[in-house]
Amino acid sequence: MKLVIQGKNIEITDAIREYVNQKVEKAVSHFQSLTTEVDIHLSVARNPRINPKQTAEVTIYANGSVIRAEESTESLYASIDLVADKIARQLRKFKEKRQDNKTTTNAKTVAVVDELPVVVDLIGDRTPELPAEVVRTKYFAMPPMTVQEALEQLQIIDHDFYMFRNAETNEINVLYERKSHGGYGVIQPRNANGHTNGKNGKTAHNAAPEKSVAAKG
C-alpha cells in the first residue's frame, strides 16, 4: 500500500509523519486488499489569528473508486485522529456496499425518471466569482458509470457533488446534493441547439436505496 503525505503551510516533521502513519495505517489495516494508494494532505491557514483551523484530508484509491474524508480542528493531531476514524467508517461502508452489490446483482431494478429539464440559470442572483489563483490541481481516472453508480461514489467521498463520465452519453456530468429541496440533481452539458445527448431527453438508472435522484435545479 502506497502512502503519500503532503503539507501546505506546514513542515512535515518526523513526529507528524510517524503519527500519521500510525493512525491512518491502523484505520485502513482491515481494508488493505481494497486499497491501492492513500494520500494524506495536512494544511494550516496562512494567518492562524484569523483562521486557527488545522486540516487533515485523506484520499484513498480503492480498486477504481475514490474514498475521501476531511476534518478540521484547532489541533493538527486531533484532526488526524478524527479523519482516521472517519475514513475507517467510509471504508467499512464502501466494503459493505460492494458485498451488497455482489449479492443483489441479479435482483436489481431499473427506474426511469421523467424528462430532466435543462437548467438555464444555475447561479440565480449571485455574482460569479473566480479565485485569484489556482491553488490545487487534482487528477483522477474517470471510467464511464451510470447515475446510480455515481450516486454510490458521492456517498463515500465526503463531498456534496461528484463529477463523472455518463456511461449512456459518454459526456461529463455532475451529480450534486440539493440542499433546499432534498435529493440529488444531475447537471448535463447541452449542444448548441439546446438538446442533451440522452435518449429522448430521459435518463435511466438504478433506483437509489436511500434517496432518489431528483431533476436538476
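In this predicted model, the largest nonpolar core comprises 38 residues, and those with the most contacts inside it are V20, I40, L42, V58, I60, I67 and L175. Two or more residues of this core come from each of the elements α1 (14–28), β2 (37–44), β3 (54–62), β4 (65–73), α2 (76–103), α3 (147–154), β7 and β9, and among these α2 gives the most, with eight residues. In soluble globular proteins, nonpolar side chains tend to be buried together. The surroundings of one core residue, I67, illustrate how separate parts of the chain meet: leaving aside its neighbours within four places in sequence, I67 is in contact with V58, T59, I60, A62, I87, Q90, L91, F94 and I156.

Not every buried position is nonpolar, as is shown by E57, which is found in strand β3. E57 counts as buried because its relative accessibility is 7%, where the cut-off for burial is under 20%. The side chain of E57 is joined to that of R68 by a polar contact of 3.1 Å. S29 offers a further case, being located in the loop between α1 and β2; because its relative accessibility is 34%, S29 counts as partly exposed. Although S29 and A88 are separated by 59 residues in sequence, their C-alpha atoms are 9.2 Å apart in space.

Farther along the chain, four strands form an open sheet in the order β6-β7-β8-β9, with mixed pairing. The edge positions are held by β6 (144–145) and β9, each of which pairs on one side only. Strands of a sheet pair through backbone hydrogen bonds, either parallel or antiparallel. Strand β7 (residues 161–166) pairs with strand β8 (residues 172–177) in the antiparallel sense over five bridges, and within this pairing F161 has Y176 of β8 as its bridge partner. The hairpin that these two strands form has five residues between the strands, and N170 takes a positive phi near 65° there.

On the other pairing of β8, four bridges join this strand to β9 (residues 184–187), and the two strands again run antiparallel. Y176 takes part here too, since its bridge partner in β9 is G185. Y176 is thus a residue through which the two pairings can be followed, with F161 as its partner in one and G185 as its partner in the other. β8 and β9 also form a hairpin, with six residues between them, and G182 in the turn has a positive phi of about 80°.

Helix α3 lies across β6, β7, β8 and β9, and it runs at about 150° to β7. This helix is mostly covered, with seven of its eight residues buried; the buried positions are V147, Q148, A150, L151, E152, Q153 and L154. An α-helix has 3.6 residues a turn, so residues three or four places apart point the same way.

The confidence of the prediction should be considered alongside these descriptions. The chain averages a pLDDT of 75, and 69% of the residues score at least 70. Over residues 105–116 the pLDDT is below 50, and this stretch has 21 contacts in the model beyond near neighbours in sequence. For residues 200–217 the pLDDT likewise stays under 50, while the model has 64 contacts beyond four places in sequence for this stretch.

Definitions and conventions
Residues numbered from 1 in each chain as written. Heavy atoms only, no water. Pairing = 2+ DSSP bridges. Core = buried A, V, L, I, M, F, W, Y, C linked by side-chain atoms within 4.5 Å. Buried < 20%, exposed > 50% of the residue type's maximum accessible area, 1.4 Å probe, protein only. Contact = heavy atoms within 4.5 Å. Axes fitted to C-alpha atoms, helices over the stretch in contact; angles between N-to-C directions. pLDDT = per-residue confidence, 0-100. Polar contact = N/O pair within 3.5 Å; in protein donor to acceptor, adjacent residues only side chain to side chain.
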